[in-house]
Amino acid sequence: MTTGLVSLADWLVSQAWWLKARQRQHRKSRWVAGDWAGHLLMARRAAVRVPARAQLLAPRWRAIRSFAGMFPGLSDPYPLQASIEREFPGLVNGPGMLLATAAPGDGKTEIALFAERVLGQASGTSGLAMLLPTMATTDAMHRRLVRHAEHNCRGKAPVARLHSLAWLDADYTPEDLTPSLDNPALVSEWLRGAHRGLLTGIAIGTWDQAVRAVLPHKYMAMRWLGLSGKTVIIDEAHAYDAHGHHLTVILLEWLGRLGVPVVVLSATLTSRIATSLLNAYRHGAGHPPLQEVTPTYPGWTFTDHATGETTSRGPYPSPRATRLDIRAHPYTPARQATGDGERSRRILGILQPLHFSPETPGAALIVCNTVTEAQATESALQDAYKDSSTLVRILHARMPVHQRHGVTRRLERWTGPAHRRSDGAWIAPTGKRPDRPLVVITTQVAEQSLDVDFDLIISDLAPFALLAQRAGRGHRHQGRTRPPYAQQPTLHVLTPVTQQGKPTVPAYWGKVYDASLLRRTHEHLGTLTGPVAVPENLQHHVDAVYSDTYTADDDLRRLADDNAKQAMADLAAIRRHRTGTDLHPLTNSTLSSEFLTTRLGDPSIHVLPVWTDPDGSRWLHPSQRTNRTRLPRRVKPGDRDMIRRLMRRTIPIRQQWITTNGTPDIDPTTEIPADWKKTPALRDTALLPHAATTGTYTNGQRITYLDPTTGLTRA
């Protein structure tokens, strides 16, 4: 912390405005050269105002009263929320860790924010850092947290949004980033600088923004300084692989050592992972480990930092309790993703009821395991419904940013939460569903990123916890008129099998999910004799699939793979909190950058599709040739409008798609203009040059092209 504080002080007094102000002050006071005591006195007096100018002052929260007082419109808290309101404050005498588990949509965010104020007041920490798994969830939660701060803070407080593409939102990053008396909540240009975002009193960002604090790099002390004085909320704690989970464990150990209050949220957390998270914080705080903890679901568990006393409450009844009917649909997969196989015929059969309810046709969500499979499914449905009124839409990560955001906003208008009016009627927030059958095809983005409500859910086979997340996108909101076929929440699971009926994993899925968990889930679905009680029995089913009984070969491979990922995390991370006064191992590493990462896997890169004419001219559109669609050769670093326009057209892909002949070297035809490398926001992008004559980019034997509807396709 001291290292970070010294660095922060150095950064603050290295600003041009500070140096010029001291020069003016010296001239005005007729300072005598060499009078360093006088210089120090003047600097100290001036420094008092610097934290406020840098927006480093802690937010000033109003006193906690109740859930209803903190959250407008929440006059009748759910039982789990009421328990936190009634019992949690009496247990808190300082820092600690709260683990809250509940089904999607059961108000965990409100629980976290209420608990944050209880812990913050008891611990003397006013700051708040909320961490989420994806950029999309971060963007949505940022808007929600801004409203929360407006209602609960005295005066306006800046709320930082921390991820690499946050600046693309023009509302969050306007042209003038100078906070004013009219808008002190605007995060200033200085706080948006590298390694400074967590210094904001209220910060929301992707999970890696905090986890980088346990990786050795030059500025890691600034992240620890940003996390101190805050309550840290980790949402969707189940969303990470063994490598990410182990980094989270190390982070919690350090937070426990430093006495930072923590709230951890999850919808589908196994007992093993819950135990490891609680014990990590306890170990950091100096307490012995607990035996296996089975989360009360829905419920909460609190470990006190000072005493180590652990209290659990629950389970509590859920107002959204339901019985989920899970139906398995076996099919024999083709050798590659195709719209002409048995899988597509299964989907069309499941969707038939949508076309026999003319008054309320309803909406269906299909969640695919890969983008390629989603595109093949979209093609099959478009062909099948070409002579009908059925509306088919697709959403996945391999679309240009602007297109993905546009589709997401449209889906949220059609299927987002309804609101109750004063007369008791339910209304949609900004729009209504189409008056014809709606089918949306998506990928894993639906598991965490969308607050949507569908009548029917179809999913590829996935680990049981993720199936539960996908099922949570059906019958999610109250106030909907359901079609006759959707009175009961139902999840249809497409289960791939061999010709002999044994579980299998399609080759084109790759390693998207572990084969052991897929097999276990497939076998567990076969044991279900009726609907699953949600949330009462959900924890039982999750633990049954993820149990530590390693008997089959694929179980042993999963165990070995998890151990390898944990070992890589241990190798890369800073030493546990027992490290003494030597700061060198905390800020330096001899490991290559591929080890110093929060997420394993092939590196990704943002590519900008362009179309190249025979004369070498490059364009941002396949057919339009105007000054606006011409690829600019020069971009000024301060031209936010142009940079946004370019970045909104980019697509994240695996870097290996544009490497040369299997080497790590980038294909030279994808190089951005030399002038762009002077602009930080563009320097790490690449072009995806489509030949105007063919409309494709060819790299070796693979052909890639941007389809205007289905996104980037690789043949």
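Two strands count as paired if DSSP finds at least two bridges between them. Helices (H or I, at least four residues) and strands (E, at least two) are DSSP runs, numbered from the N terminus. With those terms in hand, welcome to a short tour of two sheets, some backbone details and the cysteines. This is a predicted model, in which local features need pLDDT of at least 70 and side-chain atom pairs count only at pLDDT 80 or more, while totals for chains, interfaces and linings use all residues. Residues are numbered from 1 along each chain as its sequence is written, and side-chain values use heavy atoms, with hydrogens and water left out.

**The seven-strand sheet**

- Seven strands make an open sheet with mixed pairing, and their order is 11-14-10-15-16-9-17.
- The edges belong to strand 11 (391–395) and strand 17; each has a single partner strand, so one side of each is left without a neighbour in the sheet.
- From one strand to the next, the twist averages 25 degrees; for such angles, axes are lines fitted to C-alpha atoms (for helices over the stretch in contact), and the angles run from 0 to 180 degrees between N-to-C directions.
- Strand 11 pairs with strand 14 (residues 438–442) in the parallel sense, over five bridges.
- Looking for one residue pair to click on? L391 has L438 in strand 14 as its bridge partner.
- Helix 15 (residues 401–415) packs on this sheet and touches strand 11 and strand 14, where contact means heavy atoms within 4.5 Å.
- The direction of helix 15 makes about 130 degrees with that of strand 11.

**The eight-strand sheet**

- Here eight strands form an open sheet, again with mixed pairing, in the order 3-4-2-5-6-1-7-8.
- Strand 3 (159–162) and strand 8 are at the edges with a single partner strand each, so one side of each is left without a neighbour in the sheet.
- On average, neighbouring strands of this sheet are turned by 15 degrees against each other, direction ignored.
- Four bridges join strand 3 and strand 4 (residues 202–206) in the parallel sense, and R161 has I204 in strand 4 as its bridge partner.
- Helix 7 (residues 108–123) packs on the sheet, touching strand 1 (96–101), strand 2 (127–132), strand 5 (230–234), strand 6 (262–266) and strand 7 (299–304).
- The directions of helix 7 and strand 6 make about 170 degrees.
- Helix 12 (residues 271–285) lies across strand 1, strand 6, strand 7 and strand 8, and runs at about 170 degrees to strand 1.

**Backbone details in the loops**

- The peptide bond from G314 to P315 is cis, with omega near 0 degrees, and P315 sits in the loop between strand 8 (310–313) and strand 9 (322–331).
- V534 and P535 are also joined by a cis peptide bond, with omega about 10 degrees; P535 lies in the loop between strand 17 (532–534) and helix 19 (538–545).
- Q55 is not a glycine, yet has a positive phi of about 60 degrees.
- The loop between helix 4 (50–53) and helix 5 (67–70) holds Q55, which is buried at a relative accessible area of 10%; buried means under 20%, exposed over 50% and partly exposed in between, using a 1.4 Å probe and protein chains only.
- H475, also not a glycine, has a positive phi of about 50 degrees and is placed in the loop between helix 17 (464–471) and strand 16 (490–496).

**Cysteines**

- Taking a disulfide as a pair of cysteine sulfur atoms within 2.5 Å, the count comes to zero.
- C153 is buried at 1% relative accessibility, and C368 is buried at 0%.
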